2 protein chains.
Amino acid sequence: MSVSAHLSWHQGLKFQARIGDRTLQLDSAEKIIGAFTPMEIFLLALGGCTAMDVRWIMDKQRQKVDRFEIEVHGKRREDDPRYYESIDLEYIFAGEGIRQNAVERAIRLSQEKYCSVRAMINDKVRFNITYKIENQNHSEKFVFATRT
Amino acid sequence: MSVSAHLSWHQGLKFQARIGDRTLQLDSAEKIIGAFTPMEIFLLALGGCTAMDVRWIMDKQRQKVDRFEIEVHGKRREDDPRYYESIDLEYIFAGEGIRQNAVERAIRLSQEKYCSVRAMINDKVRFNITYKIENQNHSEKFVFATRT
């Protein structure tokens with residue numbers, strides 16, 4: 001399967017990106033309206049990829065998830081190339097009876113087997129992965145142990 | 001510098017992504033309206049990143065660029081994780097008097113020094129880079145020789 005995209009320069013460092021009939025505005029400025037920077041959408045690609053895997057695997061494991069969110073936080077290097085030297089991923093689940101080992105398994109399968117975006121990221125980027133399980137009475141945060 | 005993003009599950013595999021007050025819809029389906037897949041925006045992140053570098057460097061080299069586009073084409077693996085086993089990048093410049101060595105230099109600086117997205121992509125992904133220089137009378141395509 002193939003994906004094709006087209007980027008066309010507009011002005012300054014503004015570009016219009018197009019995939020099929022869908023468009024997205026890209027810009028480099030930090031305070032921008034209606035546009036994203038390439039490094040911003042890189043984080044969304046990563047977060048979205050693992051989010052979909054995990055949501056799907058939790059469903060297969062018959063876990064009842066009422067709310068599911070991911071917080072992604074990337075810290076850029078000071079020097080060129082200013083890639084993310086570390087990325088924090090926090091998966092947040094809300095629902096009754098969500099099992100911790102089901103969450104661990106879903107995250108592990110995404111990180112190690114399914115997430116196509118994750119599989120392209122090299123070892124220069126350090127990952128810190130945590131997750132929270134919340135229900136009506138309780139919220140607990142855990143550190144996911146990445147295999148090395 | 002840090003970037004923070006938030007992804008929130010909507011329904012099925014639809015997620016709403018948010019960075020500051022800007023939002024983007026993510027979905028997994030192949031025929032989707034108004035949303036992008038994570039692998040699609042990964043290609044846009046890469047294309048946008050190198051596009052901005054190259055545009056900026058061409059300007060510093062006083063090259064008069066009237067039109068500048070990038071075509072990005074990613075071929076996914078058949079097996080999980082279905083990352084891009086190859087990515088074709090074609091830079092297209094139109095303008096009078098654009099020097100080939102200025103183009104080569106701009107692409108090389110982006111690929112090897114500046115592009116933060118490129119710097120995070122591992123060696124499992126094969127890159128094929130070409131560029132076209134067009135003017136009123138002529139259009140010529142070149143293969144960019146990636147250093148290995």
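The following dialogue discusses how chain A and chain B meet in a predicted model.

Student: What makes strand β1 of chain A and strand β4 of chain B a pair?

Tutor: Two strands pair if at least two bridges are found between them. Strand β1 (residues 2–11) of chain A and strand β4 (residues 67–76) of chain B are joined over 7 bridges, in the antiparallel sense. The two strands therefore meet the criterion for a pair.

Student: Which residues stand opposite each other in this pairing of β1(A) with β4(B)?

Tutor: Among them, L7(A) stands opposite I70(B), and S4(A) stands opposite H73(B).

Student: How do you know that β1(A) also pairs with β2(A)?

Tutor: The requirement is again at least two bridges. Between β1(A) and strand β2 (residues 14–19) of chain A there are 5 bridges, and these strands run antiparallel. The pairing therefore holds. Within it, W9(A) stands opposite F15(A). The hairpin of β1(A) and β2(A) has 2 residues between the strands, and G12(A) takes a positive phi near 55° there.

Student: Why is R18(B) called partly exposed?

Tutor: Buried means under 20% relative accessible area and exposed means over 50%. R18(B) has a relative accessibility of 37%, so R18(B) falls in between and counts as partly exposed. This residue is found in strand β2 (residues 14–19) of chain B.

Student: Which residues are in contact with R18(B), leaving aside neighbours within four places in sequence?

Tutor: They are S4(B), A5(B), H6(B) and T23(B).

Student: What makes the link between R22(B) and E40(A) a salt bridge?

Tutor: A salt bridge needs a side-chain nitrogen of Lys or Arg within 4 Å of a carboxyl oxygen of Asp or Glu. In R22(B) and E40(A), the closest N and O atoms are 2.6 Å apart, so the link qualifies. Across the interface of chain A and chain B, 2 salt bridges are found, together with 30 residue pairs in polar contact.

Student: Which element gives the most to the side of chain A that touches chain B?

Tutor: That element is α1(A), with 15 residues. The residues on this side of chain A divide into 39 nonpolar, 14 polar and 14 charged.

Student: How many residues of each chain are in contact with the other chain, and what area is buried between them?

Tutor: In chain A, 67 residues are in contact with 67 residues of chain B. The area buried between the two chains is about 6200 Å², and carbon and sulfur atoms give 67% of that area.

Terms used
Residues numbered from 1 in each chain as written. Chains lettered and ligands numbered in written order. Predicted model: local features only at pLDDT ≥ 70, side-chain atom pairs only at ≥ 80, totals over all residues. Heavy atoms only, no water. Helix = DSSP H or I, 4+ residues; strand = E, 2+ residues; numbered from the N terminus. Buried < 20%, exposed > 50% of the residue type's maximum accessible area, 1.4 Å probe, protein only. Contact = heavy atoms within 4.5 Å. Buried area = accessible area lost by both parts, 1.4 Å probe. Polar contact = N/O pair within 3.5 Å; in protein donor to acceptor, adjacent residues only side chain to side chain. Nonpolar A, V, L, I, M, F, W, Y, C, P; charged D, E, K, R; others polar.
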